[in-house]
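User: Could you pick one part of this model and walk me through what surrounds it? I am new to this, and I would like each term explained as it comes up.

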Amino acid sequence: MGMSKLEKILTILQREYPHAKTALQYSDPFHLLIATILSAQSTDKQINALTPALFKKFGTAAKLAAASLSDIEKLIRSSGFYKNKARNIKECAQKLVKDFGGRVPQTMEELVTLRGVGRKTGNVVLSEAFQINVGVCVDTHVARVSQRLGLTHHADPLKIEQDLMAATSSKNWKKVTNLLITHGREVCHARSPQCEVCVLQKDCDYLKKN
């Protein structure tokens, strides 16, 4: 079997972004989990600015579980939808304490039982914190870039994830996430993609159509 279109694209992007990794800053799996929940509808930059103060005060699941909602809200106010997120991360921490001994579980089935955690967050935590690849994290960048490149014709994140997983082996799934996100941030922007400087011109359906 030859290289799939996705594998060819990964090879090109790997040369372009040799250091692509999650932009969220974290020091342990719990911090990554909470940062990822907070990053919904926010930029990673916004979240990296507020997490040091949050984790200085509530750095463990037990401490966050016991914190008052108003204390949490004050620390995460700049993250957008902060009232909702404060409730999510507090309930997530409570369940970690109650069901998992305060530790972040290492399976998707267990992670998605936590408040505020879907497959997208689960994939980030498993691949980054534990080097366990069970899928591809489909955020807005991954969805947009994979659609434009013709790697998927779906809009539903779960179907996009299945298409990307089917196109390459599991050892590359983390790479798919990080490289497509990085390319989406750097070049393949939502409103005005920089097609003229893109290294994937030859492989792009969007460019051929436009």
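Analyst: Let's begin with a word we will need often: a residue is buried when its relative accessible area is under 20%, exposed when it is over 50%, and partly exposed in between, using a 1.4 Å probe and protein chains only. This is a predicted model, in which local features need pLDDT of at least 70 and side-chain atom pairs count only at pLDDT 80 or more, while totals for chains, interfaces and linings use all residues. Residues are numbered from 1 along each chain as its sequence is written, and side-chain values use heavy atoms, leaving out hydrogens and water.

Start with Asp44, which counts as buried because its relative accessibility is 15%. Asp44 sits in helix H3; helices here are DSSP runs of H or I with at least four residues, numbered from the N terminus, and strands are E runs of at least two. Not counting residues up to four places away in sequence, Asp44 touches Ala23, Leu24, Ser39 and Arg185. Contact means that heavy atoms come within 4.5 Å.

Ser39 leads us on to Lys85. The two C-alpha atoms of Lys85 and Ser39 are 9.5 Å apart in space, although 46 residues separate them in sequence. Lys85 belongs to helix H6, residues 82-100, and it counts as buried because its relative accessibility is 4%. Beyond four places in sequence, the contacts of Lys85 are Ile37, Leu38, Ala40, Ser42, Ile76, Ser79 and Gly80.

Ile37 and Leu38 bring us to the part I would like to look at closely, helix H2. Of the 10 residues in H2, 9 are buried, so the rest of the structure largely encloses this helix. The buried residues of H2 are Phe30, His31, Leu32, Leu33, Ile34, Ala35, Thr36, Ile37 and Leu38. What covers them? The cover includes H3, H4, H5, H6 and H8.

Take H3 as one of these partners. The H2 and H3 axes are 11 Å apart, and the helices pack at an angle of about 135°. Axes are lines fitted to C-alpha atoms, for helices over the stretch in contact, and angles run from 0 to 180 degrees between N-to-C directions. H2 is therefore oblique to H3, since angles under 35 degrees count as roughly parallel, over 145 as roughly antiparallel, 65 to 115 as roughly perpendicular and the rest as oblique. From H2, the residues making the contact are His31, Ile34, Ala35 and Leu38, and from H3 they are Ile47, Leu50, Thr51, Leu54 and Phe55. An α-helix has 3.6 residues a turn, so residues three or four places apart point the same way. The H2 and H3 crossing is right-handed; a crossing is left-handed if the near helix is turned anticlockwise from the far one by less than a right angle, and right-handed if clockwise.

H2 also takes us into the largest nonpolar core, which has 36 residues, with Leu33 and Ile34 making the most contacts inside it. Helices supplying at least two residues each to this core include H2 (29-38), H3 (44-57) and H6. A nonpolar core is a set of buried Ala, Val, Leu, Ile, Met, Phe, Trp, Tyr and Cys residues joined through side-chain atoms within 4.5 Å. In soluble globular proteins, nonpolar side chains tend to be buried together. Leaving aside neighbours within four places in sequence, Leu33 is in contact with Cys92, Leu96, Val104, Leu114, Val117, Thr121 and Val125.

For a second example of an enclosed helix, turn to H11, residues 173-186. Here 10 of 14 residues are buried, so H11 too is largely enclosed by the rest of the structure. Its buried residues pack against H1, H8, H9 and H10. One of them is Asn178, which counts as buried because its relative accessibility is 8%. Outside four places in sequence, Asn178 contacts Ala20, Lys21, Thr22 and Glu128.

H1 and H11 have axes 10 Å apart and pack at an angle of about 60°, which means that H1 is oblique to H11. Their crossing is left-handed. Where they meet, Leu6, Leu10, Leu13 and Gln14 in H1 face Lys175, Val176, Leu179, Leu180 and His183 in H11.

Key: The expected span of a helix is 1.5 Å times one less than its number of residues.
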